[in-house]
Amino acid sequence: MSALPVITAMGGINAAGRSALHFGYQRLVIDALAESARQETLTSLARLTGQTPDAQLANTLIRALPAEHRLHAAISGTSDIPVTLEMRNMDLPDPLPAGWQVTPIDKRRSKVTLPAGLNLNVPHDAPRRVSAAGQLPDGFDPGALYASRSHPRALQMAIFGISDALGDLGMDWAAVASKVRPDQIAVYASNAMSQMDDYGLGGVMRFPPNGHRITSKQVPLGLGEMTADFLNAYVLHSVGTTGGMLGACATFLYNLEKGVQAIRSGKCRVAIVGTSEAPLVAEIMEGYRAMGALAEDQDLAALDGASQADVRRACRPFSANCGFTMAESAQFTVLMDDTLALELGADILGAVPDVFIHADGAKKSISAPGVGNYLTMGKAAALTRQLIGERGLQQHSFVHAHGTGTPQNRVTESVILDRTAAAFGIENWPIVGIKSYVGHSLGSAGGDQLAATLGSFAHGILPGIRTIDHIADDVHRQHLNFCLEHQQQDDLQASLINSKGFGGNNATAVALSGSVTETMLRQRHGNKAMSAWQSARDTTLASKAAYRHHCLTEAPAPVYKFNEGVMGDEQVSLTRDAVQLAGGDAMAFDDDAGLREFQLDR
């Protein structure tokens, strides 16, 4: 019998704040909350940033980049006369290029004369054309919270994000890990763009032309799967299955699909799934701007007939728009099989029964949308109907649209959603687009959507697309209800989370609410098992309450265990039947029944 992957924790950080305990979601709908919840949201942000609660509204969500965020380019030219300069001896090339004359000044520096006729590059700060971005809350520095040791920003964010998820879990991770074999834990985490700041691959590319040496850390820390590696090595101490899927803007859902399938198949019992994306690097943003993908300041101003861009409203899904808004985000969720979750007394936030992934097939432009999203949305809608019934799909589900804020997306995604609704008899399907608040975090976008989905399940409020005042004429909406204002929905049962990535990377996940999940588990496991689970969950809820108190009263304290519990050869026992690590259960080399038909006769 296939296991049901249930969500037992969600944590992370984006422009709305931390994701655990729905704090980030509450920032999205803050003006629809009761005053006590509103103040709690602002207080949680204040603890992250070290600023006063009343400063948090202005210092979160999409807003203007700081003035120093500029593209450092160069102007090329040729010198007709010799050029003399001073430089560090450690920066002198070896061997010296022909014609260079070097005169030592002291032990550390030399005077260098370059011959006439050389091509020279002179540093030059290019004017900025894109000012808006979904930045982490002002004052929040993930690298200052632990011994980050020149870690790229995405990895710093990953350390905070997984720590936030473990706080939301409400159980000691070591206690959870002790309940399963080490090889029954999996980590699937990555990002779409790798680490492109100076401490990662970005530095590898930028340093030599700018007179700096590449360090020993930049290449390994720049790898795309390093997000998973950091979690395994420095937080979870896991030797289980690991890896990272890449799928452009669908990367989070690609990793989620890996975790879901690993649990459903029985390959693992616990799966940590996530992404950490830090693309607010001037060169990366310029690359997307050159594609015509980003909303430029002058085009935003033109939309409003104004002289200056309204950067707070830069992302305008399904309305008159001119491009998406880049963002940074790290999001992680903890999945367990349903039996283990009940046994441990985990807090069950919902479930992900499946994620559907399809390519676009033949296409003219590699970055243009295609037909694959029809398959993912159709399959997701059909599964939702199968699980909660036709009435449940038609009246108690909603769509977390990709909703990037580009003219092309508003047409191509809306026609797919509208045709899917028509095919399944849905008359007024609620459509949410949270990139209007937090921007487009590329590989982490699906994680932003999942975190907001869980918030809606818990609070019954669908976030409105508050940056727009109308739906564009070319948007298909005969069967769709685009939520322009926050909508109260008291019986949300399922959400279809949609991602459309450059290159033809389409993914749609089905997320079920906690109440629907509990009903399914009661049918499957019986009342006695559910009563035992509820009793065991009391301890978990008490721990989550303590974590809430921490989030509201103390500075963040990420989990980072460097150089702790390191194992060597002497901690490994190996036989022909199993391998065992010191202090852990033996991991048997189980026969694969599915391959027995290929066994050679002996």
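Is Glu 86 buried, partly exposed or exposed? With a relative accessible area of 49%, Glu 86 is partly exposed, since the value falls short of the limit of over 50% that defines an exposed residue. The structure is a predicted model. This briefing covers its salt bridges, its cysteines, its internal cavities and one of its helices.

**Salt bridges**

- The count of salt bridges comes to 25.
- Glu 86 pairs with Arg 109 in one of them, with 3.8 Å between the closest N and O atoms.
- Because Arg 109 belongs to strand 7 (residues 109-114) and Glu 86 to strand 5 (residues 83-88), this pair ties together parts that are 23 residues apart in sequence.
- Arg 109 is partly exposed, at 30% relative accessibility.
- A salt bridge also joins the side chains of Arg 313 and Asp 310, with an N to O distance of 3.8 Å.
- Both partners of that bridge are partly exposed: Arg 313 has 24% relative accessibility, and Asp 310 has a relative accessible area of 28%.
- Arg 410 and Asp 474 form a salt bridge in which the closest N and O atoms are 3.0 Å apart.
- This pair links distant parts of the chain, 64 residues apart: Arg 410 lies in helix 13 (residues 407-423), and Asp 474 lies in the loop between strand 17 (461-462) and strand 18 (480-482).
- Arg 410 is buried, with a relative accessible area of 14%, whereas Asp 474 is partly exposed at 33%.
- One network, built from salt bridges that share partners, contains Asp 168, Asp 347, Glu 518, Arg 537 and Lys 544.

**Cysteines**

- The count of disulfides is zero.
- Cys 322 takes part in no disulfide; the nearest cysteine sulfur belongs to Cys 315 and is 9.9 Å away.
- That separation rules out a disulfide for Cys 322, because the two sulfur atoms would have to be within 2.5 Å.
- Cys 322 counts as buried, at 16% relative accessibility.
- Cys 268 also counts as buried, at 2% relative accessibility.

**Cavities**

- Four cavities of 30 Å³ or more are counted.
- The largest cavity has a volume of about 80 Å³.
- Its lining consists of Asn 14, Ala 16, Ser 19, Gly 24, Tyr 25, Leu 28, Ile 434, Val 438, Asp 448, Ala 451 and Ala 452.
- Helix 1 (23-28) and helix 15 (445-459) are the elements that give two or more residues to this lining.
- By class, the lining of the largest cavity comprises seven nonpolar residues, three polar and one charged.
- The second largest cavity has a volume of about 40 Å³.
- Met 10, Ser 19, Ala 20, Leu 21, His 22, Asp 168, Leu 349 and Ala 451 form the lining of the second largest cavity.
- Five of these lining residues are nonpolar, two are polar and one is charged.
- Ser 19 and Ala 451 appear in the linings of both the largest and the second largest cavity.
- Asp 168 lines the second largest cavity and also belongs to the salt-bridge network.

**Helix 8**

- Helix 8 (residues 251-264) has 14 residues and reaches 20 Å from its first C-alpha to its last, close to the 20 Å expected at 1.5 Å a residue.
- The helix is largely enclosed by the rest of the structure, because 11 of its 14 residues are buried.
- Among the buried residues of helix 8 are Phe 252, Leu 253, Tyr 254, Asn 255 and Glu 257.
- Gly 266 follows helix 8 and has a positive phi, near 90 degrees.

Conventions: Residues numbered from 1 in each chain as written. Predicted model: local features only at pLDDT ≥ 70, side-chain atom pairs only at ≥ 80, totals over all residues. Heavy atoms only, no water. Helix = DSSP H or I, 4+ residues; strand = E, 2+ residues; numbered from the N terminus. Expected span 1.5 Å × (residues − 1). Buried < 20%, exposed > 50% of the residue type's maximum accessible area, 1.4 Å probe, protein only. 1 Å grid on protein atoms, 1.4 Å probe; cavity = no way out; pocket = protein on both sides within 12 Å on 5 of 7 lines; lining within 4 Å. Points joined across faces, edges and corners; volume = space filled by probe spheres on them. Nonpolar A, V, L, I, M, F, W, Y, C, P; charged D, E, K, R; others polar. Salt bridge = Lys/Arg side-chain N within 4 Å of Asp/Glu carboxyl O.
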